[in-house]
Amino acid sequence: MQTSVTPTHCPYCALQCGMNLTPVPDGAGGGTVEVTERADFPVNRGALCGKGRTAPALLSSRVRLTSPLVRSPDGVLRPAGWDEALDRIAEGLSRTRTAYGPDACGVFGGGGLTNEKAYTLGKFARVVLGTSQIDYNGRFCMSSAAAGGIRAFGLDRGLPFPLEDIPRTGCVILVGSNLAETMPPALRYLTELRENGGTLIVVDPRRTRTAEQADLHLAPRPGTDLALALGLLHLVVAQGRTDEAYIRERTSGWAEARAAAMAHWPEYVERITGVSVPRLREAVRLFCEPESAMVLTARGPEQHSKGTDTVGAWINLCLATGRPGRPFSGYGCLTGQGNGQGGREHGQKADQLPGYRKLDDPAARRHVAEVWDVDPDSLPGPGRSAYELLDALSTDIRALLLMGSNPVVSAPRAAHVEERLRSLDFLAVADVVLSETAELADVVLPVAQWAEETGTTTNLEGRVLLRRQAITPPDGVRSDLHVMHELAARLGVEKGFPTDPEEVFEELRRASEGGPADYSGLTYRRLAEENGVFWPCPGPVDSGSGSGSGSGPADPHPADPHPGTPRLFLDRFATPDGRARFVAVGHRPSAEEPDAEYPVLLTTGRVVSQYQSGAQTRRVDELNAAAPGAFVELHPRLAERLGAVDGEPLAVVSRRGRAVAPARITTAIRPDTVFMPFHWPGEGRANTLTNPALDPISRMPEFKTCAVRVERVS
Ligand code: SF4
């Protein structure tokens, strides 16, 4: 075990707060770490939320897995040795592939995996298994913003500018983000914005702790953000506030987008959204008067069957007012998961190859196949998106390898997904803890985590970071890279799956070279010395062990390295003609609107003391004490109609199932809407209710709204 202080990053969200870890030995060769402030990392400047502060609890053998588990003939998961467990997985995948073909093997990854793991998982699926059926839970996170960003700007990097730009802008419209609970240290950027004289507009159907900070809070009906953005753009045009020179010089498609927006009269938008015309006018005034302004979206407007178009409408508002590519201005998406950004760049997504290359692009296939030393024609094509993949389990997909994800809690229509997982011929799960999904597996592998291994992540700003190992994993625990190395060997691929993360990163550099997310100028040494570097960062790469794309050995540390790219689009957008593209979009209803049988809207989200499916945070005593279970938030008027009593159980019923949780009555929510957090399994599982209707472009499920009825439970 190392004894000195290790500067590293939090295991949880996309802010990737810096923290220092000091090992605390237990006297028996193991131990935990102490978390202390790391002031040199500029994103959080030492501040941490409760989740980051208590993360060492996850290292305890009391809450985590320390031995592989194998299901016995009597149905019980029993401890097993690594060789037996890996043999069982290789045999399960191999048998499935032989019987049904490679696409009968599925792979499901996670937005918390490091870049090295996400890269290796994509390579493992395509090179070892030969399957097209790989996707990951990040599809449920920010895929609509990614699709909207690529459509408009030709590139998806969540934030095209650093967080430090926020306090320097004139106005922020924050759409569907509750930063105060999801990433509390980031709230200071909004506080500083207001201290500097800027204004904050929060769009959220709930008056959240973030909305309470706002100069103007707009509370639209869930599922109507698209109409809201169009109504604002209508007013911008009607009031002559468009930036015609910018539109002429830096964009295309304005005439069609303008015509679409002009069909959305403010009074019409007021009827759809419930936001009054005077408040719409006030938002336009606050947004248009300053020289600089930005729109930031999060899951609120994105997790819809029209999420990509909704993001497009907010981008249109930014483009019409001349914001993107200008100082302290533009559009950005606040990514959620720890490596949500990097996880979507390096190949675990159904349609992608490393470097944010497209799997259906012949040149991209050639480039990556050369790095992988395989025939480009051997690479499968794009596969199913996350929900579609889960929905195909036990029919088209008969065996699944799952890493770092817990879809039993986090997938939409979760009872159905759980049933699909139970019906598989074979399920293998690699995780830190025995999650609800791991409980269903035939084989469970205990893997190293966060403080126990080194790897890179890419935070919500596109800043690539080095997360460093501080302690040795306990006996019985191995790394995900070790798992893929061993499985590849057992399935007949002896080379190309190293267990050393830096070796993987060196290959990732080559694979990403020349791609949209170019990491080729990055090395572990640079990331450590510079405290993170923004991509794209092109640079010299060695030709490596494959035939490679370089011309021979290259100095990885040239005298004048590329500095990285904190701010994108200053000169041109990443489209073929360098112009940002308006997209003509119009309001449409959600996939499921209230009716006589299901008269109320359900929206879902997070609470400050739990993280995503809760697989980790529900095992931390302090966090559990603060947020022990689900609840149903509802307005007093709705509560009165139902006869609901604060603290007493309510049943929320949708077309997909029923969930039960105590009532929490508050005026901070619209009377036509109830809210449930989604961190818990069992009867309080919010995702039992949610609608898997998919966005046609991003394939994002409609987590954020569905029709329900609410009943008292006797
Ligand atoms: Fe960790 Fe996110 Fe909390 Fe920072 S805000 S400490 S990254 S969970």
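I'll start with a residue pair: threonine 6 has leucine 21, in strand β2, as its bridge partner. Before going on, note that this is a predicted model.

That pair belongs to the contact between β1 and β2. Strand β2 covers residues 18-25, and 4 bridges join β1 to β2, with the two running antiparallel. The sheet they sit in is open and has 3 strands, in the order β1-β2-β3, with antiparallel pairing. At its edges are β1, residues 6-9, and β3, residues 31-37, each of which pairs on one side only. From one strand to the next, the twist averages 45 degrees.

Next, the ligand. Which residues surround the ligand? Going up the numbering, they are Cys10, Tyr12, Cys13, Gln16, Cys17, Leu48, Cys49, Lys51, Gly52, Met183 and Pro185. Sorted by class, this shell has 8 nonpolar residues, 2 polar and 1 charged.

Now a second open sheet, also described by its strand order. This one has 3 strands in the order β19-β20-β21, and the pairing is antiparallel. The edge positions go to β19, at 455-458, and β21, at 533-534; each has a single partner strand, so one side of each is left without a neighbour in the sheet. Between β19 and β20, the latter being residues 463-467, there are 4 bridges, and the strands run antiparallel. One specific pairing here is threonine 457 with leucine 465, the leucine being in β20. There is also a helix over this region: α3, residues 115-129, lies across β19 and β20, and runs at about 95 degrees to β19.

On to strand β17, residues 426-431. Is β17 mostly covered or mostly uncovered? Mostly covered: 6 of its 6 residues are buried. The side chains split into two sets. Phe426, Ala428 and Ala430 point one way, Leu427, Val429 and Asp431 point the other way, and all are buried. Note that the second set includes an aspartate, Asp431.

Strand β17 has parallel pairings with β16 and with β18. With β16, residues 399-403, the pairing is parallel and extends over 5 bridges; within it, leucine 400 has leucine 427 of β17 as its bridge partner. With β18, residues 443-446, there are 4 bridges, again with the strands running parallel. In that pairing, alanine 430 stands opposite leucine 445 of β18.

Now the aromatic side chains. How many aromatic pairs are there? The count comes to 12. Take tryptophan 254 and phenylalanine 582. Their ring centres are 4.8 Å apart and their planes are at 40 degrees, so the pair is tilted. It links distant parts of the chain, with the two positions 328 residues apart: tryptophan 254 is in helix α9, residues 254-262, and phenylalanine 582 is in the loop between β22, at 580-581, and β23, at 600-605. As for accessibility, tryptophan 254 is buried, with a relative accessible area of 11%, and phenylalanine 582 is buried, at 6%.

Another pair is phenylalanine 505 with tyrosine 524. This pair is tilted too, with 5.4 Å centre to centre and 45 degrees between the planes. Phenylalanine 505 is in helix α20, residues 501-512, and tyrosine 524 is in helix α21, residues 524-530; the two are 19 residues apart. Phenylalanine 505 has a relative accessible area of 0%, so it counts as buried. Tyrosine 524 also counts as buried, at 7% relative accessibility.

Apart from those pairs, there is a cluster to mention: Phe153, Tyr331, Phe569 and Phe573 form one aromatic cluster.

The last item is a single residue, leucine 228, found in helix α7, residues 225-238. Is leucine 228 buried or exposed? Its relative accessible area is 0%, so leucine 228 is buried. Leaving aside residues up to four places away in sequence, leucine 228 touches Val203, Leu218, Pro220, Val269, Thr273, Val275, Leu280 and Trp314. For a distance in the backbone, take leucine 228 and proline 266: they are 38 residues apart in sequence, and their C-alpha atoms are 8.9 Å apart.

That is the end of the tour.

Technical notes. Residues numbered from 1 in each chain as written. Predicted model: local features only at pLDDT ≥ 70, side-chain atom pairs only at ≥ 80, totals over all residues. Heavy atoms only, no water. Pairing = 2+ DSSP bridges. Contact = heavy atoms within 4.5 Å. Axes fitted to C-alpha atoms, helices over the stretch in contact; angles between N-to-C directions. Near = heavy atom within 4 Å. Nonpolar A, V, L, I, M, F, W, Y, C, P; charged D, E, K, R; others polar. Phe/Tyr/Trp six-rings, centres within 6.5 Å; stacked < 30°, edge-to-face > 60°. Buried < 20%, exposed > 50% of the residue type's maximum accessible area, 1.4 Å probe, protein only.
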